[in-house]
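Visitor: Hi, I'm new to this one and would like a walk through it. Could you put it up on the screen before we start?

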Amino acid sequence: MTDMQNAILFHQYDISPFSEKVRVAFGIKGLTWYAVDQPVIMPKPELTALTGGYRKIPVMQIGADIYCDTQIILREIEKRYPTPSLFVGGDKALGWGMGLWTDRVLFQAAVAVIFGTTEGFADEAFMKDREKLMGRPFNTDEMRAGAPMMMEQLRAQLDWLEEQLSDGRAFLMGSEAGIADVNAFYNLAFIRWIAPAGAAVIDAFKNVVAWEKRIQEIGHGDRQELGREEALDIARDTTSTETETADQGEPNGLMPGDQVHVMADDYGRDPIAGVLVSSSAQHVAIKRNDPRVGDVVVHFPRAGFLVMKAG
Ligand SMILES: N[C@@H](CCC(=O)N[C@@H](CS)C(=O)NCC(=O)O)C(=O)O
C-alpha cells in the first residue's frame, strides 16, 4: 500500500471532456497516474463515498485527499510536480481566468453543437440524469433549433484560437504547451469524438487543426488502471496530508474547525458538508467522515464555488 499512498488516482471516464483536460496536463508533465473508471450517470456510490456527494467527473484522489473540479486538480498537480510548469510564455495566472471562459462559455457552445446536431448519443437514462444535474429539462428539440446559432458562437471562439496561433507559434502561449492549451483543447476533442457537424466548423481553422495534432502528440503520460474498491481501500488506509491553516484574509471570517457547506455555483450544486481544515483565495479543504473510507479531506477551488457556514 505504501507505494500507492502518493499515487495519482484519477476518477474519470474516457468520453469525459473535463477528464481530457487533465489527461493532457498529465501528458505535459509526463506523470504516471491511475485511471479509476466511474459511471457516466448516477448512482456513483464509490465516488460519493470519497467526495461526500460531489458527483461530477473528474475527481483526483491522492491517499485520503480528494480534489473536486479540474481547477483544483491542476493547481495540485502544478504544486506537487512543478516542472515542466503549466504556466508558459508570459502566463503567470491568467490561465486560471481563461478556464472560466473555456469551461463555461466555450463548453456550453460545444455541448449545444453536440446535442443539437447529433442523434442517438443521449439515451433516456442519460437525459434524465443530466436534467437532474442541470436543474432544467434536457430539451432536444430546443437544442436542434438553437444549433445554427450555437455553431456561430463556436466559430467566433475558435477564431480567437486561430488568431492567437497565426504567428506560427506551436502552442497558445508560445513554444511550450500549458494551461491555456489544456483549457481550450478538451472542448474541441469532445466535439470531434461525437459531432461531425461541429468537427467541420473546427476544420475551417487550419492553425487550430495543426495545433490539435501537436496536443494529441503530447499524449496522456503513463496511464495505469485501478479498480474503484482498491481506490477506496487506499483512502481508508491513508491519512490526509493537509494541515490546519487559518486564512488571514478570509472575507467572511471562516476559521478551521467551522462546520461548512461547499457547493458549485453553476450546476451539480449538491452542498458538501464538512469541517474546515484550511482555505485561501484559491482553495477550501474540508474534513468529512464516511463509513467506507473513514476521515478524508475534500478540496475545492474557490472561484466558482460557494462556501457557507452551517447553522
Ligand atoms: N467544473 C467542473 C466541471 C466538470 C463536469 O461538468 N464534468 C462532466 C463530465 S465531463 C460531468 O460531471 N457530468 C456529469 C457526470 O459525469 O455525472 C470541472 O472543471 O471539473
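Guide: Before we talk about domains, please note that domain bounds here come from an automatic or database domain assignment. This is a predicted model, in which local features need pLDDT of at least 70 and side-chain atom pairs count only at pLDDT 80 or more, while totals for chains, interfaces and linings use all residues. Residues are numbered from 1 along each chain as its sequence is written, and side-chain values use heavy atoms, with hydrogens and water left out.

Visitor: Okay, so which domains does the assignment give?

Guide: The assignment gives domain 1, made of 2-84 + 223-309, and domain 2, which covers 94-218. Taken over C-alpha atoms, the centres of domain 1 and domain 2 are separated by 25 Å.

Visitor: And how many residues of each are in contact?

Guide: Counting a contact as heavy atoms within 4.5 Å, 27 residues of domain 1 are in contact with 24 residues of domain 2.

Visitor: What about helices and strands, how many of each?

Guide: The protein has 10 helices and 10 strands, where helices (H or I, at least four residues) and strands (E, at least two) are DSSP runs numbered from the N terminus.

Visitor: What's the radius of gyration, and what would a compact globule have?

Guide: The protein has 20 Å, which agrees with the value near 19 Å that a compact globule of 311 residues would have. The radius is taken over C-alpha atoms, and the globule rule is 2.2 Å times the number of residues to the power 0.38. Along the principal axes, the C-alpha atoms fill a box of roughly 55 × 45 × 40 Å.

Visitor: How much of it is buried?

Guide: Buried residues make up 53% of the 311 residues, with buried meaning under 20% relative accessible area, exposed over 50%, and partly exposed in between (1.4 Å probe, protein chains only). As for contacts with a separation of 6 or more, 69% of them are between residues 24 or more positions apart.

Visitor: Let's zoom in. Where does L161 lie, and is it buried or exposed?

Guide: L161 is placed in helix α6, and L161 counts as buried because its relative accessible area is 3%. Not counting residues up to four places away in sequence, L161 touches W101, L172, A184, L188, V208 and W211.

Visitor: And just before that helix, is G135 buried or exposed?

Guide: G135 counts as exposed because its relative accessibility is 65%, and G135 lies in the loop between α5 (124-134) and α6 (140-164). The C-alpha atoms of G135 and Y267 are 132 residues apart along the chain and are separated by 7.5 Å.

Visitor: Switching topic, which residues does a cis peptide bond join?

Guide: One such bond joins I57 and P58, with omega about 5°, and P58 is found in the loop between α2 (45-51) and β3 (59-62). The peptide bond from T83 to P84 is cis too, with omega near -10°, and P84 has its place in the loop between α3 and α4 (94-117).

Visitor: Why bring those up?

Guide: They are worth a look because most residues other than glycine have a negative phi, and most peptide bonds are trans. On the phi side, D69 has a positive phi of about 95° although D69 is not a glycine.

Visitor: Where is D69 found?

Guide: D69 is found in the loop between β4 (65-68) and α3, and D69 counts as buried because its relative accessibility is 18%.

Visitor: What is E78, further along, in contact with?

Guide: Leaving aside neighbours within four places in sequence, E78 is in contact with K29, S85, L86 and F87. E78 lies in helix α3 (residues 70-80), and E78 is buried, with a relative accessible area of 15%. The C-alpha atoms of E78 and A25 are separated by 9.3 Å, with their positions 53 residues apart along the chain.

Visitor: Last one: what about E225, where does it lie?

Guide: E225 lies in strand β5 (residues 222-225) and is partly exposed, with a relative accessible area of 49%. Apart from neighbours within four places in sequence, E225 is in contact with Y34, A35 and D37. The C-alpha atoms of E225 and M255, 30 residues apart along the chain, are separated by 38 Å.
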